[in-house]
Amino acid sequence: MEKNIIKYIKDGLETIYKAETENISVAVERTREGIDGDFTVVVFPYTKLSKKKPEDTAKDLGVFIKQRFEDISSYNVIKGFLNLKMTQEYWIQRLNNLVKEKSHKNDSPAQRIMIEFSSPNTNKPLHLGHIRNNLLGDAVSRIISAAGNEVIKVNLINDRGIHICKSMLAWMKWGKNSTPKSTNQKGDKFVGDYYVLFDKNYKEQIAELVESGLTEDQAKEQAPLMLQAREILQKWESGDHEVRRVWEMMNSWVYEGFEETYKNLGIEFDKLYYESSTYLHGKELVKTGLEKGIFTQDPDNSVWIDLTNEGLDRKILLRSDGTTVYMTQDLGTAFQRFEEYNPDKMIYVVGNEQDYHFKVLKKIVEKFDKDYASRIEHLSYGMVELPEGKMKSREGTVVDADDLMSEMIENAKKISQENGKINDLPDEEKDKIIKMIALGALKYYIIKVDPKKQMTFNPNESIDFTGNTGPFIQYTHARICSILRNAEKQKIKFNGKVSDETRLLDCEVKLISSLTEYEGIIIESAKKHDPGMIANYIYDLVKDFNQFYHEHSILKEKDTKILQFRLQLSLQIANTIKTGMNLLGIEVPEVM
RNA sequence: GGUCUAGUAGCUCAGCUGGAUAGAGCAACGGCCUUCUAAGCCGUAGGUCUCAGGUUCGAAUCCUGACUAGAUCACCA
């Protein structure tokens with residue numbers, strides 16, 4: 001963070017104690033609230049070098065660094081903590097530099113990174129779990145890109161397999177040729193209903209079979225509906241005309257529905273992959289894998305890989321009937337992507353229920369190509385659960401993505417009307433802002449929690465619009481915009497340059513200090529694939545600003561140097577809020 | 001049973017590459033709108049950081065073990 005301080009501390013250790021500092025890492029942190037200082041160096045680790053008490057070591061270093069480093073105005077020592085206070089000029093410099101630093105962008109992208117996320121099945125509509133996936137994938141993409149990399153966002157649409165065959169079968173049996181149009185339904189919802197219908201009848205059949213003496217497992221295997229669904233899958237794979245026709249038609253309905261949902265969520269992709277066109281690639285790989293002796297074939301023709309020596313299990317790659325499984329397809333897709341784009345990294349945003357799958361995938365890829373395997377990363381995130389437990393599409397206990405969004409919009413509208421600040425705007429403008437707020441609330445709510453943690457969502461408690469929320473941050477942005485508008489109205493000339501002689505308050509220094517941390521937070525967040533870090537950072541910044549705002553007037557400030565400074569500070573904070581929130585996929589309004 | 005992940009205020013979550021007195025929000029209570037947007041600000045109350053050991057000058061943070069919850073170990077995806 002503060003490279004110079006680290007450098008001078010190391011110099012100090014070398015000159016005063018004749019120590020080797022090559023392998024020593026110096027920890028510089030922001031000084032704790034309520035203690036005089038801007039930065040703190042923890043000197044406990046150096047008492048071994050100094051052979052002195054922590055206090056004396058800190059004093060030695062304090063004297064040394066104060067002498068060498070003119071940006072330090074004073075220091076104090078509390079126990080083993082050396083607190084450094086920087087000069088006002090230093091902080092003003094930092095603020096002025098913020099504007100410059102942003103202008104020269106990163107020269108060339110550091111890495112090419114492919115991110116796969118969303119990856120829906122085409123048999124049912126998107127729900128809250130998908131929303132977390134999409135928001136996470138989208139935000140991580142934006143952040144990694146902002147950290148100076150080339151990002152390719154891809155979506156692997158799982159458009160084939162037993163699940164869609166179930167919907168197809170149900171529609172062929174009971175659909176009576178109805179369509180989303182004829183029933184006036186969104187396409188994905190329409191198809192999803194048949195999936196549920198399949199499951200309902202399937203369960204009945206299982207119950208009957210169990211009644212007649214079969215075990216549950218046997219019943220599941222032998223239920224006529226399941227056998228028929230399997231038959232459709234085989235027909236699909238052998239290219240049966242009628243099956244393919246129905247498949248294409250039903251998928252197209254689903255895509256129309258998805259498109260609408262993605263659009264509302266503000267999610268876009270650079271490339272779509274369809275499993276129906278990548279799974280054959282996997283089949284090819286199975287063949288070469290067999291030739292190379294990576295895979296083995298059982299007497300019933302099924303193909304396996306034995307990973308028991310690696311602490312994993314035996315995993316199937318081709319069923320005895322020759323059809324492919326998930327792993328086969330993922331394998332094929334992975335190689336296809338490496339060959340096509342040669343990314344330095346390939347990140348899969350997939351729920352933690354598939355941790356094992358990706359462990360196995362990586363191992364298998366490793367058998368083919370060690371280098372590819374090392375570039376694969378699984379960004380695993382926790383499931384979204386309801387207070388009652390897991391969401392289950394088949395049982396209809398899901399929070400539907402579209403429903404949730406429109407509910408948020410309704411709530412935002414209500415609150416906005418009550419507050420009445422944008423009631424006079426044209427409807428179009430108003431709707432845009434309301435949608436911004438509604439989605440801001442939803443997105444921030446989901447993104448602020450650590451991806452790897454499981455989260456519970458209570459549909460009965462609507463998502464807040466006050467406190468640590470998206471709208472609070474959006475509101476602060478609008479507030480700053482309002483101040484800047486008023487400055488203009490009052491004909492206050494804002495020249496964008498802050499004088500070195502401006503006297504700063506502690507809370508102002510704190511705000512500048514926070515602003516300077518922004519770039520580092522992005523890098524860190526990109527490295528950790530954790531958008532939550534940025535959410536927390538912005539929240540802290542915004543909270544501090546609001547406190548400052550309430551205690552000190554900006555436009556009424558008589559001292560023009562301070563006035564200029566505060567305008568610049570506010571503007572920079574607004575910019576940081578805006579760009580930071582954009583990295584989370586959240587837009588911020590200028591009025592609300 | 002094996003493996004993985006998590007356990008912090010009543011609730012939802014920060015803090016976890018070890019550092020000073022563990023922080024927010026929601027909910028509760030009390031204040032602040034003739035002053036730049038009250039979706040805001042200030043204050044009160046709320047804690048054995050699941051438990052037990054260990055490493056260390058120092059542990060919510062690292063290690064080990066228990067307990068609790070979830071995931072996973074399919075010719076599902």
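Helices here are DSSP runs of at least four residues, numbered from the N terminus. With that in hand, the predicted model can be explored, starting with a helix that holds a pair of opposite charges. Helix α19 spans residues 506–528, and both E524 and K528 belong to this helix, four residues apart, or about one turn. Their side chains meet in a salt bridge, with 3.5 Å from N to O. The two partners fall into separate classes of accessibility: E524 is partly exposed because its relative accessible area is 26%, whereas K528, with 53%, is exposed. Elsewhere, salt bridges with shared partners link K186, D188, K189, D400 and D402 into one network.

Two further pairs can be read in the same friendly way. In helix α8 (residues 187–211), D199 and K203 sit four residues apart, about one turn of the helix. A salt bridge joins D199 to K203, and the closest N and O atoms are 2.9 Å apart. D199 has 6% relative accessibility and so counts as buried, while K203 is partly exposed at 44%. Helix α17 (residues 427–447) contains K430 and D427, which are three residues apart, again about one turn. These two also form a salt bridge, their closest N and O atoms lying 3.7 Å apart. Why does K430 count as buried? Buried means under 20% relative accessible area, and K430 has 18%. Its partner D427, by contrast, is exposed at 53%. Over the whole structure, the search finds 34 salt bridges.

Attention now turns to the RNA. Around RNA strand B there are 68 residues, of which N158, D300, R319, Y475 and Y549 come nearest. Of the strand's atoms that come within 4 Å of the protein, 62% belong to sugar and phosphate. The bases take part too: a base nitrogen lies 3.0 Å from a side-chain N or O atom of N83, and a base oxygen is 3.0 Å from a polar backbone atom of L555. On the phosphate side, a phosphate oxygen of strand B is 3.4 Å from a backbone N or O atom of Y326.

Which helix gives the largest share of the surface near RNA strand B? That is α18, with eight residues. Other elements that each supply at least two residues include β4 (81–86), α6 (162–174) and α20 (532–551). By residue type, this surface divides into 27 nonpolar, 23 polar and 18 charged residues.

Finally, chain A is divided into domain 1 (3–86) and domain 2 (159–269). Their C-alpha centres lie 67 Å apart.

Terms used
Residues are numbered from 1 along each chain as its sequence is written. Chains are lettered from A and ligands numbered from 1 in the order in which they are written. This is a predicted model: local features need pLDDT of at least 70, side-chain atom pairs count only at pLDDT 80 or more; totals for chains, interfaces and linings use all residues. Side-chain values use heavy atoms; hydrogens and water are left out. A residue is near a molecule or strand if one of its heavy atoms lies within 4 Å of it. A polar contact is a pair of N or O atoms within 3.5 Å; within protein, one must be able to donate a hydrogen and the other to accept it, and residues adjacent in sequence count only if both atoms are side-chain atoms. Ala, Val, Leu, Ile, Met, Phe, Trp, Tyr, Cys and Pro count as nonpolar, Asp, Glu, Lys and Arg as charged, and the others, Gly among them, as polar. Domain bounds come from an automatic or database domain assignment. A salt bridge is a side-chain nitrogen of Lys or Arg within 4 Å of a carboxyl oxygen of Asp or Glu. Buried means under 20% relative accessible area, exposed over 50%, partly exposed in between (1.4 Å probe, protein chains only).
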